[in-house]
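Open your viewer, get your selection tool ready, and let us walk through this model together. We will go stop by stop, with something to pick at each one.

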Amino acid sequence: MLIDTHAHLTDERYGGAEDIIKGMEADGLERIVTVGYDLQSSRAAAELAEKHETVYFSCGFHPSETGRIAPGDYDEIVALASHEKCVAIGEIGLDYYYPDTDRETQLRRLEEQLDIVSQTGLPAIFHVRDAYGDFDGIIRRNLSKLRGGAVLHCFSGSKEFAETYADNGFYISFSGAITFKNAVKAAQTVPAVPRDRLLVETDCPYLTPEPFRGKTNYPAYVKYTAQKAAALRGEDFEELARYTTQNAYSFYFKMKRRA
């Protein structure tokens with residue numbers, strides 16, 4: 001059984017995600033963490049997790065949404081974080097992919113959300129794209145705020161960055177992007193992560209793995225990422241499934257194991 005450690009079940013393409021959740025057992029899924037990226041999606045994630053034993057959630061503001069944070073929004077994020085099924089703050093971070101990105105706002109909002117991470121004591125889910133240098137600078141100044149742990153989700157950085165952050169206790173999570181034919185760096189980064197720091201995810205509905213690339217992604221497809229990760233590491237799939245599931249429970253320490 002696998003855990004999809006980063007999904008977006010509140011996406012409208014899933015129509016409430018009831019069919020996905022009902023099919024989890026058949027799809028070999030033990031738990032799904034549905035991730036908030038703004039206040040509305042964080043609220044919706046909480047509501048979904050309340051309805052389903054196998055679903056947990058996180059709350060926070062994706063870097064691309066930080067320009068729309070309103071007064072009082074952080075107070076509600078802190079309130080959501082106290083929910084028994086909220087397992088992390090995130091996804092938060094930096095995303096410099098688009099040329100018109102307001103980097104100053106993203107940097108300021110990341111610092112602010114790190115204060116929320118510190119206040120709640122929850123793990124942090126970090127989204128980092130084309131911004132590893134600035135991210136490194138902020139994190140080195142704020143490591144003490146990450147006492148609950150942290151993950152670099154959908155990792156796309158270098159082997160050296162992965163090794164450095166794993167050495168600092170971060171988890172490194174890989175998505176279906178490692179199955180792409182042009183995923184050259186994955187051959188180096190995936191084997192470099194210690195087995196007790198490795199996670200797998202879908203980031204669905206995005207980054208659909210081969211052989212379904214170009215279509216909507218689903219939590220069930222996390223197995224293709226796990227299979228690719230096992231192949232790149234020269235490991236048995238069942239063994240990788242076992243220890244990445246254990247890692248997910250260790251990282252998301254509020255998430256309850258199956259009875």
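A crossing of two helices is left-handed if the near helix is turned anticlockwise from the far one by less than a right angle, and right-handed if clockwise. Keep that in mind for the helix stops. Before you click, note that this is a predicted model, in which local features need pLDDT of at least 70, side-chain atom pairs count only at pLDDT 80 or more, and totals for chains, interfaces and linings use all residues. Residues are numbered from 1 along each chain as its sequence is written, and side-chain values use heavy atoms, with hydrogens and water left out.

**Stop 1: two helix pairs**

Helices (H or I, at least four residues) and strands (E, at least two) are DSSP runs, numbered from the N terminus. Axes here are lines fitted to C-alpha atoms, for helices over the stretch in contact, and angles run from 0 to 180 degrees between N-to-C directions.

Select residues 132-142, helix α5, together with residues 159-167, helix α6. Their axes are 13 Å apart, and the helices pack at an angle of about 15°. Angles under 35 degrees count as roughly parallel, over 145 as roughly antiparallel, 65 to 115 as roughly perpendicular and the rest as oblique. α5 and α6 are therefore roughly parallel to each other. Turn the view until one helix lies in front of the other: the crossing of α5 and α6 is left-handed. Now show side chains. On the α5 side you will find Y132, F135, D136, I139 and R140, which meet F161, T164 and Y165 of α6; contact means heavy atoms within 4.5 Å.

Next, select helix α8 (residues 222-233) and helix α9 (residues 237-251). Their axes cross at roughly 110° and come within 9 Å. That makes α8 roughly perpendicular to α9. The crossing of α8 and α9 is right-handed. For the contact, pick K223, A226, Q227, A229, A230 and R233 on α8, and F237, L240 and Y243 on α9.

**Stop 2: aromatic rings**

Rings of Phe, Tyr and Trp (its six-membered ring) pair if their centres lie within 6.5 Å; planes under 30 degrees apart count as stacked, over 60 as edge-to-face and the rest as tilted. How many aromatic pairs does this rule give? The count is 18.

Start with F61 and Y74: the ring centres are 6.3 Å apart and the planes stand at 80°, so this pair is edge-to-face. The two residues are 13 apart in the chain, with F61 in the loop between β3 (55-59) and α3 (73-81) and Y74 in helix α3. Are F61 and Y74 buried or exposed? Both are buried, where buried means under 20% relative accessible area, exposed over 50%, and partly exposed in between (1.4 Å probe, protein chains only).

Move on to Y97 and Y98, an edge-to-face pair with 4.9 Å from centre to centre and 85° between the planes. Y97 counts as partly exposed at 46% relative accessibility, and Y98 counts as partly exposed at 47%. While Y97 is on screen, add R129: its charged end sits over the Y97 ring, 4.0 Å from the ring centre. A charge sits over a ring if NZ of Lys or CZ of Arg is within 6 Å of the ring centre and within 35 degrees of the ring normal. For another example, select R197, which lies over the face of Y171 at 4.2 Å from the ring centre.

Finish here by selecting F126, Y132, F135, F155, F161, Y165, F170 and F174, a cluster linked by ring pairs.

**Stop 3: backbone details**

Most residues other than glycine have a negative phi, and most peptide bonds are trans. Here are some to compare with that.

Go to G90 and E91, which are joined by a cis peptide bond with omega of about 15°. E91 is in strand β4 (residues 86-95). The bond from C204 to P205 is also cis, with omega near 15°, and P205 lies in the loop between β8 and α8.

In that loop you can also select L207, whose phi is positive, near 55°. L207 counts as partly exposed at 30% relative accessibility. Then jump to A17, in the loop between β1 (2-7) and α1 (18-22). Phi of A17 is positive too, near 65°, and A17 counts as buried at 1% relative accessibility.

**Last stop: A220**

Select A220, in the loop between β8 (198-200) and α8. A220 is buried, with a relative accessible area of 16%. Leaving out residues up to four places away in sequence, A220 touches D27 and L29.
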